[in-house]
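The following exercises are to be worked with the sequence and the coordinates at hand. Each task is followed by a solution in steps.

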Amino acid sequence: MTRILLVEDNEMNRDMLSRRLSRRGFDVLIAENGQVGVELATSERPDLILMDMSLPVMDGWEATRRIKANPATCGIPVIALTAHAMANDRDMALEAGCDDYDSKPIDLLQLVRKIEQLLETSP
């Protein structure tokens with residue numbers, strides 16, 4: 001079963017997305033802030049990470065940079081999830097090390113396609 005780490009501080013978004021992904025057959029781990037996200041990425045080695053960018057304790061930009069800087073986790077694909085829909089936000093997410101980007105509200109079918117594409121191409 002594919003394991004996805006969902007790093008999301010908003011309880012409603014977290015619950016909705018984790019339930020919808022679980023129904024599609026994914027095993028979903030949850031972190032409520034960027035620091036816990038980095039810790040779980042290191043200890044649990046998920047197949048993919050969905051990273052909100054606006055997080056408490058450590059934001060998603062910094063959490064992604066740390067995950068991508070660690071040789072043990074640098075190969076894990078990261079999809080940025082953000083309510084920011086500006087063109088430069090996508091560029092900033094990719095510069096931080098994210099492999100793809102999706103804006104909120106989440107289109108589940110589009111997100112699942114991105115997840116599947118990244119999992120097919122990741123080592």
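**Exercise 1. Determine the handedness of the crossing of H2 and H3, and characterise the packing of the two helices.**

Solution. The structure is a predicted model.

Step 1. The crossing of H2 with H3 is right-handed.

Step 2. The elements concerned are helix H2, residues 34-44, and helix H3, residues 60-69; they pack at an angle of about 20°, and their axes are 9 Å apart. Angles under 35 degrees count as roughly parallel, and H2 is therefore roughly parallel to H3.

Step 3. On the H2 side, the contact involves Gly34, Gln35, Gly37, Val38 and Ala41, which meet Ala63, Arg66 and Ile67 of H3. By class, the residues of this contact comprise 4 nonpolar, 3 polar and 1 charged.

**Exercise 2. Locate Asn33, decide whether Asn33 is buried or exposed, and identify its contacts.**

Solution.

Step 1. Asn33 lies in the loop between strand S2 (27-31) and H2.

Step 2. The relative accessibility of Asn33 is 15%. Buried means under 20%, so Asn33 counts as buried.

Step 3. A polar atom of the Asn33 side chain lies 3.0 Å from the backbone nitrogen of Gln35. Gln35 is also among the H2 residues that meet H3.

Step 4. With neighbours within four places in sequence set aside, Asn33 contacts Val7, Leu55, Pro56, Val57 and Met58.

**Exercise 3. State which helix contains Thr64, and establish its burial and its contacts.**

Solution.

Step 1. Thr64 belongs to helix H3.

Step 2. Thr64 counts as buried because its relative accessibility is 0%.

Step 3. If residues up to four places away in sequence are not counted, Thr64 touches Met51, Met53, Val78, Ala96, Gly97 and Cys98.

**Exercise 4. Place Leu108 in its helix, and relate its separation from Arg20 in sequence to that in space.**

Solution.

Step 1. Leu108 is found in helix H5, which spans residues 108-121.

Step 2. With a relative accessibility of 7%, Leu108 counts as buried.

Step 3. In sequence, Leu108 and Arg20 are 88 residues apart, while in space the C-alpha to C-alpha distance is 8.0 Å.

Step 4. Arg20 is also one of the contacts of Leu108: leaving aside neighbours within four places in sequence, Leu108 is in contact with Leu17, Arg20, Leu21 and Arg24.

Notes:
Residues numbered from 1 in each chain as written. Predicted model: local features only at pLDDT ≥ 70, side-chain atom pairs only at ≥ 80, totals over all residues. Heavy atoms only, no water. Axes fitted to C-alpha atoms, helices over the stretch in contact; angles between N-to-C directions. Helix = DSSP H or I, 4+ residues; strand = E, 2+ residues; numbered from the N terminus. Parallel < 35°, antiparallel > 145°, perpendicular 65-115°, else oblique. Left-handed = near helix turned anticlockwise from the far one by under 90°. Contact = heavy atoms within 4.5 Å. Nonpolar A, V, L, I, M, F, W, Y, C, P; charged D, E, K, R; others polar. Buried < 20%, exposed > 50% of the residue type's maximum accessible area, 1.4 Å probe, protein only. Polar contact = N/O pair within 3.5 Å; in protein donor to acceptor, adjacent residues only side chain to side chain.
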